[in-house]
Amino acid sequence: MTINPELPINFSSMHRLQWEEAQQKDVILYPEGMVELNQSSAEILKLCDGSRNLDQIINDLEEKFSTTGLKNDITSFLDVAFNNGWIQQD
């Protein structure tokens, strides 16, 4: 499955996104383990708070980092996150 660009994107309630001091990076925690994230992935997931759809997340990140052309990379990552259950849409 892929992200529906019209619907808001939520971080899964079965997972927790947090800074892990020992690894010096953001991680996703879940009952079976942990996923270490690079900075870009963490920035994307932090915006998955249920108030933004795909285009809003892309716009916010392009504005934050003063760049354009992030749509394909962000969409690809969010599709992976969706298929791994890290994010969801209602």
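User: Hello! I am new here, and where is Q24 found?

Analyst: Welcome! This is a predicted model: local features need pLDDT of at least 70, side-chain atom pairs count only at pLDDT 80 or more, and totals for chains, interfaces and linings use all residues. Numbering starts from 1 along each chain as its sequence is written, and side-chain values use heavy atoms, with hydrogens and water left out. Helices (DSSP runs of H or I, at least four residues) and strands (runs of E, at least two) are numbered from the N terminus, and Q24 is found in the loop between β2 (16-20) and β3.

User: What is the phi of Q24, and is Q24 buried or exposed, or in between?

Analyst: Q24 is not a glycine, yet its phi is positive, at about 55°. For exposure, buried means under 20% relative accessible area, exposed over 50%, and partly exposed in between (1.4 Å probe, protein chains only). With 47% relative accessibility, Q24 therefore counts as partly exposed.

User: Which residue in the loop between α2 and α3 has a positive phi although it is not a glycine?

Analyst: The loop to look at lies between α2 and α3 (71-83). Its residue with a positive phi has a value of about 50°, and it is exposed, with a relative accessible area of 67%. That residue is S66.

User: Let us step back: what pattern does the protein follow along the sequence?

Analyst: The protein has three helices and five strands. Read along the sequence, they follow the pattern β-β-β-β-α-α-α-β.

User: Why does the protein count as being as compact as a globular protein of its length, and what is its radius of gyration?

Analyst: The C-alpha trace spans about 35 × 30 × 20 Å along its principal axes. The globule rule (2.2 Å times the number of residues to the power 0.38, with the radius of gyration taken over C-alpha atoms) gives 12 Å for 90 residues. The value for the protein is close to that, so it is as compact as a globular protein of that length: its radius of gyration is 13 Å.

User: What share of the residues counts as buried?

Analyst: The accessible surface (Shrake-Rupley method, 1.4 Å probe) comes to about 5,500 Å², of which 47% belongs to carbon and sulfur atoms. Of the 90 residues, the share that counts as buried is 40%.

User: Which residue is in contact with I28 and also carries the name W, leaving aside neighbours within four places in sequence?

Analyst: I28 lies in strand β3 and is buried, with a relative accessible area of 0%. Contact means heavy atoms within 4.5 Å. Leaving aside neighbours within four places in sequence, the partners of I28 include F11, L17, V35, L45 and the one you ask for, W86.

User: How far apart in space are I28 and G85, C-alpha to C-alpha?

Analyst: In sequence, I28 and G85 are 57 residues apart. In space, their C-alpha atoms are separated by 11 Å.

User: L29 lies in strand β3 too, so to speak next on our tour; what separates its C-alpha atom from that of M14?

Analyst: Leaving aside neighbours within four places in sequence, L29 is in contact with M14, H15, R16, Q18 and M34. M14 and L29 are 15 residues apart along the chain. Their C-alpha atoms are separated by 8.8 Å.

User: Now for charges: which residue forms a salt bridge with K25?

Analyst: Side chains of opposite charge can pair when their charged atoms come close. The structure holds five salt bridges (a side-chain nitrogen of Lys or Arg within 4 Å of a carboxyl oxygen of Asp or Glu). In one of them, the closest N and O atoms are 3.5 Å apart, linking K25 in strand β3 (residues 25-30) to a partner eleven residues away in strand β4 (residues 33-36). That partner is E36.

User: In the salt bridge of K64 and E43, which residue counts as buried?

Analyst: The side chains of K64 and E43 meet at 2.7 Å, N to O. This pair links helix α2 (residues 54-64), which holds K64, to helix α1 (residues 39-46), which holds E43, 21 residues apart. K64 counts as exposed at 52% relative accessibility, whereas the one that counts as buried, at 14%, is E43.

User: Which residues are joined into one network by salt bridges that share partners?

Analyst: One salt bridge brings the side chains of D60 and R52 together at 2.6 Å, N to O. D60 is partly exposed, with a relative accessible area of 31%. Salt bridges that share partners join into one network D49, R52 and D60.
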